[in-house]
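Let's take a walk through this structure together, starting with the whole assembly and ending with single residues. Keep the 3D view open as you read.

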2 protein chains.
Amino acid sequence: MRRVFEDELNDLHVRFSEMGMMVNEAIYKSVKAFINHDKDLAREVIHEDKHINEREVELEKASFEMIALQQPVTTDLRMIVTVMKASSDLERMGDHAVSIAKSTIRVKGETRVPAIEKDIADMAEAVKEMVEQVLDAYVKENDKKARQIAEEDHGINDFSNNIYEKCIDEMTRDADTIVGSMDYMFVSSYLERIGDYVTNICEWIVYLKTGKLLELNSNASEDEF
Amino acid sequence: MRRVFEDELNDLHVRFSEMGMMVNEAIYKSVKAFINHDKDLAREVIHEDKHINEREVELEKASFEMIALQQPVTTDLRMIVTVMKASSDLERMGDHAVSIAKSTIRVKGETRVPAIEKDIADMAEAVKEMVEQVLDAYVKENDKKARQIAEEDHGINDFSNNIYEKCIDEMTRDADTIVGSMDYMFVSSYLERIGDYVTNICEWIVYLKTGKLLELNSNASEDEF
């Protein structure tokens, strides 16, 4: 029984990590499509999102069955709960990749601003690195690393503020860039939110290892006000 | 034992519903603060968000302990899993209320557009109604109602498209409205996302009642492309 349970738990981990890689690829492709104005690639991201959603449902079902049939406690239960919770975060990260892809398809040849597109590409690169780091921390159950990922700056806010300022400048200077700049703002906000989900997953890794539920580096902090 | 379990389960339901009401109030207050340029009320929303976060942690802990100690199966387990999952959705809805509140505090007396603010107030009213309906459907475990809430239009997309068009028009017509219009766009996108979370909770209510994991009325649908 224990043997079966451990195999199942291992399988759950593997499928969760795979889901993470699917999501990371979706984010990467969606930004690439946006920057290169590649509507076919954007459609691919939208199309492939259903596999991510299916994987989430699979993980939900497997988790539920493992709890119901094997009645795990303490660490084992915590592992399953982590997958249950963190898979929702991954699924929503995938949804944001879809939103970026949809922005790409919506674009109708407006005046583009290469300097801002460069910032978006750099921001996406930083987000992609966060996603890769968090998947690695999950696989290694490295709660220290998870805390570090959540607490480090990664420059996401700087990218976001910078893109915001540049968009305002461009729109004020040349009204033809308004529609395109709105898209830049949306894409930047989706990337920012993907970063927030990475922080959520970090919280789940800390929970997995320590049993403690923390709020790491929340954007909802009131310190600023 | 069964008696204790049922009391605990009932308590879990009550505390989840209370959390829903806290979140609904946060959304309501945040939009009111935004429309009335009321920075004190906005600060109140930001300050009170910690109670919502604490409640989520409480619900997580209670759910975990109930699973570990009482080893529930089938319907009972499903109820606990629903609270575990849906409380994350509520918590994130609260985060979006905080984002709206932060937009209010950021505003520095830019040129405002009353017509768009009216649309935002109406959109917020529609979202608030969705939130109230979903909490009611949860309490009554009414999966039909939950499907209906998720599948009905509620006009959220219309509001959002309408606000987008109006913002583009205003920004093009008068560059002084650019900064303010960006805030309108952000607030509208937060409200839209709160609507998406309502749909997630609807999915959990269907799951609670039927054991089926569905994707209801996903914005990630590829039909449009």
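## How the two chains are related

Chain B can be laid on chain A by a rotation of 180° with 0.0 Å of shift along the axis, and the RMSD of that superposition is 0.0 Å. The two copies are therefore related as by a two-fold rotation axis. To find that axis on your screen, look for B:Q71: in chain B, its C-alpha is the one nearest the axis, at 2.9 Å. The contact surface follows the pairing too, as the same surface serves both copies and 100% of the contact residues of chain B recur in chain A. Please bear in mind as you read on that this is a predicted model.

## The overall build of chain A

Now let's turn to one copy. Chain A has seven helices and zero strands, so its pattern along the sequence reads α-α-α-α-α-α-α. Along the principal axes, the C-alpha atoms of chain A fill a box of roughly 65 × 40 × 25 Å. How does the radius of gyration of chain A agree with that of a compact globule? For 225 residues, such a globule would have a value near 17 Å, and the 19 Å of chain A agrees with this.

The inside of the chain is worth a look as well. Of the 225 residues of chain A, 56% count as buried. Among the contacts in chain A with a separation of 6 or more, 83% are accounted for by residues 24 or more positions apart. On the outside, chain A exposes about 9,400 Å², and carbon and sulfur atoms supply 48% of that area. Chain A also carries 28 positive and 47 negative charges, and the mean positions of these two sets are 3 Å apart.

## Two loop positions

With the overall picture in place, we can zoom in on the loops. Most residues other than glycine have a negative phi. A:Q71 has a phi near 45°, a positive value in a residue other than glycine. Where does A:Q71 lie in chain A? You will find A:Q71 in the loop between α2 (39-70) and α3. Its relative accessibility is 27%, which means that A:Q71 counts as partly exposed.

Chain B offers another case. Phi of B:E141 is near 45°, again a positive value in a residue other than glycine. B:E141 sits in the loop that runs between α4 (114-139) and α5 (143-151) of chain B. With a relative accessible area of 22%, B:E141 is partly exposed.

In chain A, A:E141 likewise belongs to the loop between α4 (114-139) and α5 (143-151). A:E141 counts as partly exposed because its relative accessibility is 23%, and the cut-off for buried is under 20%. Which residues does A:E141 contact, leaving aside its neighbours within four places in sequence? They are A:H13, A:M79, A:I205, A:L208 and A:K209. You can also gauge the position of A:E141 against A:L12: the two are 129 residues apart in sequence, and their C-alpha atoms are 14 Å apart in space.

## Along the helices

Let's move on to the helices. Helix α3 of chain A covers residues 74-106 and contains A:D76. Is A:D76 buried or exposed? At 15% relative accessibility, A:D76 counts as buried. Beyond residues up to four places away in sequence, A:D76 touches A:R2, A:F5 and A:L9.

A:R106 is also found in helix α3 of chain A. At 40% relative accessibility, A:R106 counts as partly exposed. A:R106 and A:K39 are 67 residues apart along the chain, while their C-alpha atoms are separated by 9.0 Å.

Our last stop is in chain B, where B:L12 lies in helix α1 (residues 2-36). B:L12 has a relative accessible area of 1%, so B:L12 is buried. Which residues surround B:L12 by touching it, not counting residues up to four places away in sequence? B:L12 touches B:L59, B:A62, B:S63, B:M66, B:I80 and B:V83. For a sense of distance along the chain, compare B:L12 with B:S30: they are 18 residues apart in sequence, and 27 Å separates their C-alpha atoms.

Notes
Residues are numbered from 1 along each chain as its sequence is written. Chains are lettered from A and ligands numbered from 1 in the order in which they are written. This is a predicted model: local features need pLDDT of at least 70, side-chain atom pairs count only at pLDDT 80 or more; totals for chains, interfaces and linings use all residues. Side-chain values use heavy atoms; hydrogens and water are left out. Copies are superposed by least squares on the C-alpha atoms of residues with pLDDT of at least 70 in both. Contact means heavy atoms within 4.5 Å. Helices (H or I, at least four residues) and strands (E, at least two) are DSSP runs, numbered from the N terminus. The radius of gyration is taken over C-alpha atoms; the globule rule is 2.2 Å times the number of residues to the power 0.38. Buried means under 20% relative accessible area, exposed over 50%, partly exposed in between (1.4 Å probe, protein chains only). Accessible areas come from the Shrake-Rupley method with a 1.4 Å probe; for residues, only the protein chains shown count as cover. Lys and Arg count as positive and Asp and Glu as negative; His and the chain ends are not counted. The place of a charge is taken as NZ of Lys, CZ of Arg, CG of Asp or CD of Glu.
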